[in-house]
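Thank you all for coming; I would like to take a few minutes to walk through one structure, beginning with how some of its helices pack and ending with a pocket. Please have a look at it before I go on.

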Amino acid sequence: MTSRVFRRIAVTALGVLALAGCAHNPVSGDRDFVLMPEQQEIQMGAQANLAVLKEYAALDNPALQAYVNEVGQRLAKQSERPTLPWHFTVVDTPEVNAFALPGGYVYITRGLLAYLDSEAELAGVVGHEIGHVTARHGVRLQSASTAAGPGAALGSILVPDMGNQAGSALLQTLAQAWTAGYGREHELEADRLGAAYLAKTGYDPQAMIDVIGVLKNQELYSAEQAARSGHPQRATYHGTFDTHPGNDARLRQVVAEANKFRVSHPREGRNDYLQKLPGLYFGDSPDQGVIRDNALLHEKLGLAIQFPPDWRVQNRPDRVVATSPQGDALVELVQGPKNDNPLETVQKGVKLDTGARYDTGHLGGFPAAFAAGAHQGKPVVVAVVVFNGTQYLIAGMTRDTATYERERSALRAGINSFHAITPAEKLAARPYVLQLLTSRPDLTMAALARQSPLGVEAEGQLRLMNALYPDGEPRSGQLLKIVQ
């Protein structure tokens, strides 16, 4: 959870998708009556970019940013829209994703970089996103819907931004696309275009299939994790398909179209890419706090809170959400205003039905206000605590009364666990970082996993990071990514 949790993507100027008149599709050349003029598209992208960077901060790593931008700019010059004001940004989130805005704004997450294994694979992801922009897939989407997050069946208890309730139809639409994809045909078109950009820039277009394979393996591993834990599967990068890319005839066909641009000695750039990664955070960063054993440990904010041990915890940019294994109860934490009136906040900042009860007291030794009631008929308990001059809202909600009776103790224990971080917790809050290791002749992934701080998931994660999933072993002398 970042310290900017109330900054939400909300750009009212982007609400209109279809304007009077028509434009030409830059890829097909056909007239398309749902497209807006290019200058309007660029303006929309610039405005939306400001909102995105409030939600997902740009990674503070100038060398890596320059490297990704240089790769992106070379690819964009080979696209059908080389004169767009292209921008390529690494955003500081552990999510495994990449996405684009109309007008030439492309983003790749810090979390995705950990799973790529070469500059060619990086170019494959970036080229795919450039393809979405050049084909104007974003502005061609007409239905607005938001991506479902944890606890979506319950809804959000807490008002996400007191004083700014405006929404953006375009960004809501793209939020769905960034998670679920633009549809089979548009994804294939982005792969076809991206493969051509790869080949024209000196990479093997086969890297497009390779990187989709990396991401498909990540999706399969996520499904295995979900099956073991009983939790819903985490969202994965939208560019993957239902089948493995090696078995997808259509994908192979569209990528093969780029062979006419193929160079005799394509660039892979594996070593150059890997050398940019040491020191990069893996998982949560100190800016958003880290999750350890279902506890949020936030050294920068000075707080800690323990969520129920068997619940799924997601440290999102705007809030931390813990969801019960059955998906019928949740606890969420968000940062509130900087004042010392928690009662006013709980009365105005929490959406409760008529008849809710309010009280004041202390939580973790700090001034607090409490509420109990219902939200659209669902039982709710809420605390607002004043800590270091800032309020924090902690709320628990269940699907129905029977669930509340079952989870009452877990909800209240989670809320009541809020406290100032201890010295021992500060040590546990040390973030994980990527480093490089040269493999020895006798090194196995199982042995490497035993030295990793990632616990039971270490071997699977390390295999994914090093293109060795599901059961590969490293070669002697191979440069490996590890987590320390």
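**Helix packing and a pocket**

Helix H7, which covers residues 184-201, packs with H8 at an angle of about 125°, and the axes of the two are 8 Å apart; I should say at once that this is a predicted model. Angles from 65 to 115 degrees would count as roughly perpendicular and those over 145 as roughly antiparallel, and H7 and H8 are therefore described as oblique to each other. On the H7 side the contact is made by Asp191, Gly194, Ala195 and Leu198, while H8 contributes Ala207, Met208 and Ile212. Sorted by class, that contact has 5 nonpolar residues, 1 polar and 1 charged.

How do the axes of H4 and H8 cross? Helix H4, residues 119-134, and helix H8, residues 206-229, have axes that come within 8 Å and cross at roughly 90°, so these two helices are roughly perpendicular to each other. Here H4 brings Ala120, Glu121, Gly124, Val125 and His128 into the contact, and H8 brings Ala207, Met208, Asp210, Val211, Val214 and Leu215. The residues of this contact divide into 7 nonpolar, 2 polar and 2 charged.

Let me turn, finally, to the pocket. The second largest pocket holds about 330 Å³ of space, and its lining is made up of 21 residues, with Leu59, Asp92, Tyr281, Ser285 and Asp287 lying nearest its centre. Taken by class, the lining of this pocket has 8 nonpolar, 7 polar and 6 charged residues.

Notes: Residues are numbered from 1 along each chain as its sequence is written. This is a predicted model: local features need pLDDT of at least 70, side-chain atom pairs count only at pLDDT 80 or more; totals for chains, interfaces and linings use all residues. Side-chain values use heavy atoms; hydrogens and water are left out. Axes are lines fitted to C-alpha atoms, for helices over the stretch in contact, and angles run from 0 to 180 degrees between N-to-C directions. Helices (H or I, at least four residues) and strands (E, at least two) are DSSP runs, numbered from the N terminus. Angles under 35 degrees count as roughly parallel, over 145 as roughly antiparallel, 65 to 115 as roughly perpendicular and the rest as oblique. Contact means heavy atoms within 4.5 Å. Ala, Val, Leu, Ile, Met, Phe, Trp, Tyr, Cys and Pro count as nonpolar, Asp, Glu, Lys and Arg as charged, and the others, Gly among them, as polar. On a 1 Å grid over the protein atoms alone, a cavity is a set of points where a 1.4 Å probe fits but cannot get out, and a pocket is an open set with protein on both sides within 12 Å along at least five of seven lines; lining residues have an atom within 4 Å of a point. Grid points are joined across faces, edges and corners, and a volume is the space filled by probe spheres set on the points.
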